[in-house]
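User: I would like to go through the labels used for this model and see what each one rests on. Please set the values against the criteria as we go.

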Amino acid sequence: GLVTVGAIHKPPVSIASCVTRGALANTDLAYPGAFLKEEGIGYVSIGGDAVMGDNSKEADRSSNADTLYAARGEGSAGRVAYTSYEAVCGTGGVTGDGVVPLDWTQLEGSKQLKLEGVLHSINEAGTTIPTDRWYGSEGVIDRWLPTALEEAGISTGAEKKGGFDLAGLLSQFF
(Lines give C-alpha, C1' and ligand atoms only; values in the text may rest on other atoms or scores of the structure.)
Protein backbone atom coordinates (compact mmCIF):
# COMPACT_ATOMS: atom_id res chain seq x y z
CA GLY A 1 0.00 0.00 0.00
CA LEU A 2 0.83 3.66 -0.14
CA VAL A 3 0.48 6.01 2.82
CA THR A 4 1.24 9.70 2.51
CA VAL A 5 1.37 12.23 5.33
CA GLY A 6 1.22 15.89 4.39
CA ALA A 7 2.19 15.16 0.78
CA ILE A 8 1.11 17.36 -2.11
CA HIS A 9 -1.16 15.41 -4.48
CA LYS A 10 -2.42 18.06 -6.88
CA PRO A 11 -0.66 20.54 -9.10
CA PRO A 12 -1.60 24.19 -8.59
CA VAL A 13 -4.09 25.87 -10.89
CA SER A 14 -1.20 27.72 -12.53
CA ILE A 15 1.52 25.24 -13.49
CA ALA A 16 3.94 28.19 -13.70
CA SER A 17 3.85 28.43 -9.89
CA CYS A 18 4.29 24.69 -9.24
CA VAL A 19 6.79 24.07 -6.45
CA THR A 20 7.70 20.74 -8.09
CA ARG A 21 8.37 22.36 -11.48
CA GLY A 22 5.83 20.14 -13.22
CA ALA A 23 6.50 16.80 -11.52
CA LEU A 24 3.06 16.83 -9.84
CA ALA A 25 1.27 17.55 -13.10
CA ASN A 26 3.18 14.81 -14.93
CA THR A 27 2.57 12.27 -12.17
CA ASP A 28 -1.11 13.19 -11.95
CA LEU A 29 -1.45 12.81 -15.72
CA ALA A 30 0.34 9.44 -15.92
CA TYR A 31 -0.92 7.93 -12.62
CA PRO A 32 -4.06 9.79 -11.52
CA GLY A 33 -5.40 9.35 -8.01
CA ALA A 34 -5.27 5.93 -6.41
CA PHE A 35 -4.03 4.49 -9.70
CA LEU A 36 -3.52 0.87 -8.59
CA LYS A 37 -6.48 0.58 -6.23
CA GLU A 38 -8.29 -1.80 -8.59
CA GLU A 39 -5.25 -4.10 -8.39
CA GLY A 40 -5.59 -4.37 -4.61
CA ILE A 41 -3.19 -1.65 -3.55
CA GLY A 42 -4.45 0.28 -0.52
CA TYR A 43 -4.04 4.05 -0.42
CA VAL A 44 -4.25 6.36 2.59
CA SER A 45 -3.67 10.10 2.38
CA ILE A 46 -3.33 12.04 5.61
CA GLY A 47 -3.54 15.80 6.02
CA GLY A 48 -3.35 18.15 8.94
CA ASP A 49 -5.91 20.85 9.66
CA ALA A 50 -4.11 23.15 12.08
CA VAL A 51 -3.40 26.55 10.55
CA MET A 52 -5.63 28.86 8.54
CA GLY A 53 -3.64 30.91 6.05
CA ASP A 54 -4.00 34.59 6.91
CA ASN A 55 -2.08 37.28 5.07
CA SER A 56 -2.86 40.08 7.53
CA LYS A 57 0.17 41.91 8.81
CA GLU A 58 -1.05 41.98 12.39
CA ALA A 59 1.37 40.22 14.69
CA ASP A 60 -0.09 37.39 16.70
CA ARG A 61 1.77 36.51 19.88
CA SER A 62 -0.43 33.65 21.10
CA SER A 63 2.39 31.09 20.91
CA ASN A 64 6.19 30.97 21.05
CA ALA A 65 6.24 30.47 17.28
CA ASP A 66 4.00 33.50 16.71
CA THR A 67 6.25 35.61 18.93
CA LEU A 68 9.25 34.54 16.83
CA TYR A 69 7.42 35.20 13.55
CA ALA A 70 6.42 38.66 14.80
CA ALA A 71 10.01 39.45 15.85
CA ARG A 72 11.23 38.44 12.37
CA GLY A 73 8.54 40.58 10.73
CA GLU A 74 6.56 37.59 9.45
CA GLY A 75 3.50 38.30 11.59
CA SER A 76 2.15 34.91 12.64
CA ALA A 77 1.91 31.21 11.88
CA GLY A 78 -1.14 32.04 9.77
CA ARG A 79 0.85 34.45 7.63
CA VAL A 80 3.73 31.98 7.17
CA ALA A 81 1.18 29.31 6.22
CA TYR A 82 -0.50 31.71 3.77
CA THR A 83 2.78 32.11 1.88
CA SER A 84 3.37 28.36 1.77
CA TYR A 85 -0.21 27.51 0.77
CA GLU A 86 -0.13 30.12 -1.97
CA ALA A 87 3.02 28.53 -3.40
CA VAL A 88 1.42 25.07 -3.34
CA CYS A 89 -2.13 25.74 -4.55
CA GLY A 90 -2.27 29.33 -5.73
CA THR A 91 -4.43 30.52 -2.81
CA GLY A 92 -3.19 31.29 0.67
CA GLY A 93 -6.46 31.73 2.56
CA VAL A 94 -7.10 28.02 3.11
CA THR A 95 -6.47 25.63 5.99
CA GLY A 96 -3.79 22.98 6.28
CA ASP A 97 -0.82 21.72 8.25
CA GLY A 98 1.07 25.02 8.09
CA VAL A 99 2.99 24.00 4.96
CA VAL A 100 0.57 22.09 2.68
CA PRO A 101 -3.12 22.97 2.22
CA LEU A 102 -5.43 20.24 3.53
CA ASP A 103 -7.24 19.71 0.22
CA TRP A 104 -3.91 19.19 -1.55
CA THR A 105 -2.98 16.33 0.84
CA GLN A 106 -6.05 14.28 -0.05
CA LEU A 107 -5.35 11.87 -2.92
CA GLU A 108 -8.42 11.21 -5.04
CA GLY A 109 -9.68 7.64 -4.54
CA SER A 110 -7.68 7.05 -1.35
CA LYS A 111 -8.87 6.57 2.20
CA GLN A 112 -8.58 10.20 3.34
CA LEU A 113 -7.82 11.24 6.90
CA LYS A 114 -8.13 14.81 8.18
CA LEU A 115 -6.25 15.31 11.43
CA GLU A 116 -7.37 18.33 13.45
CA GLY A 117 -4.54 20.32 15.01
CA VAL A 118 -1.71 18.47 13.22
CA LEU A 119 1.30 20.31 11.79
CA HIS A 120 3.56 19.35 8.90
CA SER A 121 6.94 19.47 10.60
CA ILE A 122 8.69 18.29 13.74
CA ASN A 123 9.30 22.00 14.40
CA GLU A 124 6.89 24.89 14.00
CA ALA A 125 7.20 25.81 10.31
CA GLY A 126 10.33 27.84 9.63
CA THR A 127 11.59 27.68 13.22
CA THR A 128 13.59 25.45 15.54
CA ILE A 129 10.71 25.36 18.06
CA PRO A 130 9.79 21.67 18.50
CA THR A 131 6.19 20.52 18.52
CA ASP A 132 4.40 17.33 19.52
CA ARG A 133 1.63 18.10 17.02
CA TRP A 134 3.34 16.84 13.85
CA TYR A 135 2.47 13.73 11.82
CA GLY A 136 5.30 11.68 13.34
CA SER A 137 4.76 12.46 17.02
CA GLU A 138 3.65 9.57 19.17
CA GLY A 139 0.15 10.83 19.92
CA VAL A 140 -0.48 11.70 16.27
CA ILE A 141 0.85 8.42 14.84
CA ASP A 142 -1.73 6.62 16.97
CA ARG A 143 -4.43 8.58 15.12
CA TRP A 144 -3.46 7.45 11.60
CA LEU A 145 -1.33 4.29 11.73
CA PRO A 146 -4.15 1.82 12.55
CA THR A 147 -6.10 3.03 9.49
CA ALA A 148 -2.99 2.80 7.31
CA LEU A 149 -2.29 -0.75 8.47
CA GLU A 150 -5.91 -1.74 7.92
CA GLU A 151 -5.82 -0.42 4.34
CA ALA A 152 -2.60 -2.39 3.79
CA GLY A 153 -4.24 -5.53 5.13
CA ILE A 154 -1.88 -5.79 8.11
CA SER A 155 -3.41 -7.06 11.33
CA THR A 156 -2.20 -5.30 14.46
CA GLY A 157 -3.81 -7.63 16.95
CA ALA A 158 -5.26 -4.51 18.59
CA GLU A 159 -8.72 -6.01 18.55
CA LYS A 160 -7.46 -8.76 20.90
CA LYS A 161 -5.34 -6.54 23.14
CA GLY A 162 -7.76 -3.66 23.46
CA GLY A 163 -5.30 -1.12 22.10
CA PHE A 164 -2.65 -0.44 19.50
CA ASP A 165 0.83 -1.86 20.13
CA LEU A 166 3.28 -0.10 17.79
CA ALA A 167 6.37 -1.67 19.39
CA GLY A 168 4.89 -5.14 19.03
CA LEU A 169 4.00 -4.54 15.41
CA LEU A 170 7.44 -3.17 14.53
CA SER A 171 9.17 -6.09 16.27
CA GLN A 172 7.79 -8.32 13.49
CA PHE A 173 9.97 -6.48 10.99
CA PHE A 174 13.18 -5.78 12.96
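**Labels and their grounds**

Analyst: Lys114 has a relative accessible area of 48%, which makes the residue partly exposed. The cut-offs are under 20% for buried and over 50% for exposed. The model is a predicted one.

User: What makes the contact of Asp49 with Lys114 a salt bridge?

Analyst: The closest N and O atoms of Asp49 and Lys114 are 3.4 Å apart. The criterion asks for a side-chain nitrogen of Lys or Arg within 4 Å of a carboxyl oxygen of Asp or Glu, and the pair Asp49 and Lys114 is therefore counted as a salt bridge. Asp49 belongs to strand S2 and Lys114 to strand S5, so the salt bridge ties together parts that are 65 residues apart in sequence.

User: Is Asp49 buried or exposed?

Analyst: Asp49 is buried, with 13% relative accessibility. The limit for that label is under 20%.

User: Which residues are joined into one network by salt bridges that share partners?

Analyst: Glu116 and Lys114 also meet through their side chains in a salt bridge, at 3.4 Å from N to O. Glu116 is partly exposed, its relative accessible area being 47%. Through shared partners, the salt bridges join Asp49, Lys114 and Glu116 into one network. The count of salt bridges comes to two.

User: Why are S1 and S5 said to stand at the edges of the sheet?

Analyst: The sheet is open and has three strands in the order S1-S2-S5, with parallel pairing. Strand S1 (2-5) and strand S5 (111-116) each have a single partner strand, so one side of each has no neighbour in the sheet. From one strand to the next, the twist averages 15°.

User: How do you know that S1 and S2 are paired?

Analyst: Pairing requires at least two bridges between two strands. S1 and strand S2 (residues 43-49) have four bridges in the parallel sense, so the requirement is met. As one instance, Leu2 has Tyr43 in S2 as its bridge partner.

User: How does helix H5 run relative to S5?

Analyst: Helix H5 (residues 138-151) lies across S1, S2 and S5, and runs at about 175° to S5. On a scale from 0 to 180 degrees between N-to-C directions, that value puts the directions of H5 and S5 close to opposite, therefore close to antiparallel.

User: What makes up the largest nonpolar core?

Analyst: This core has 12 residues, including Val44, Ile46, Leu113, Val140, Trp144 and Leu149. S2, S5 and H5 each supply at least two of its residues, and H5 gives the most, with six. Leu113 touches residues such as Val44, Ile46 and Trp144, leaving aside residues up to four places away in sequence. Apart from this core lies another, of eight residues, among them Val51, Tyr69, Ala77 and Tyr85.

User: Why are the buried residues of H2 said to line one face of the helix?

Analyst: Ala65, Asp66, Tyr69 and Ala70 are the buried residues of helix H2 (residues 64-71). Seen down the axis of H2, they fall within an arc of 135°, so they line one face. The buried residues of H2 pack against helix H3 (77-89), while Asn64 and Ala71 are exposed on the other side of H2. Just after H2, Gly73 has a positive phi of about 85°.

Conventions:
Residues are numbered from 1 along each chain as its sequence is written. This is a predicted model: local features need pLDDT of at least 70, side-chain atom pairs count only at pLDDT 80 or more; totals for chains, interfaces and linings use all residues. Side-chain values use heavy atoms; hydrogens and water are left out. Contact means heavy atoms within 4.5 Å. Buried means under 20% relative accessible area, exposed over 50%, partly exposed in between (1.4 Å probe, protein chains only). The arc is that of the directions from the helix axis to the C-beta atoms. A nonpolar core is a set of buried Ala, Val, Leu, Ile, Met, Phe, Trp, Tyr and Cys residues joined through side-chain atoms within 4.5 Å.
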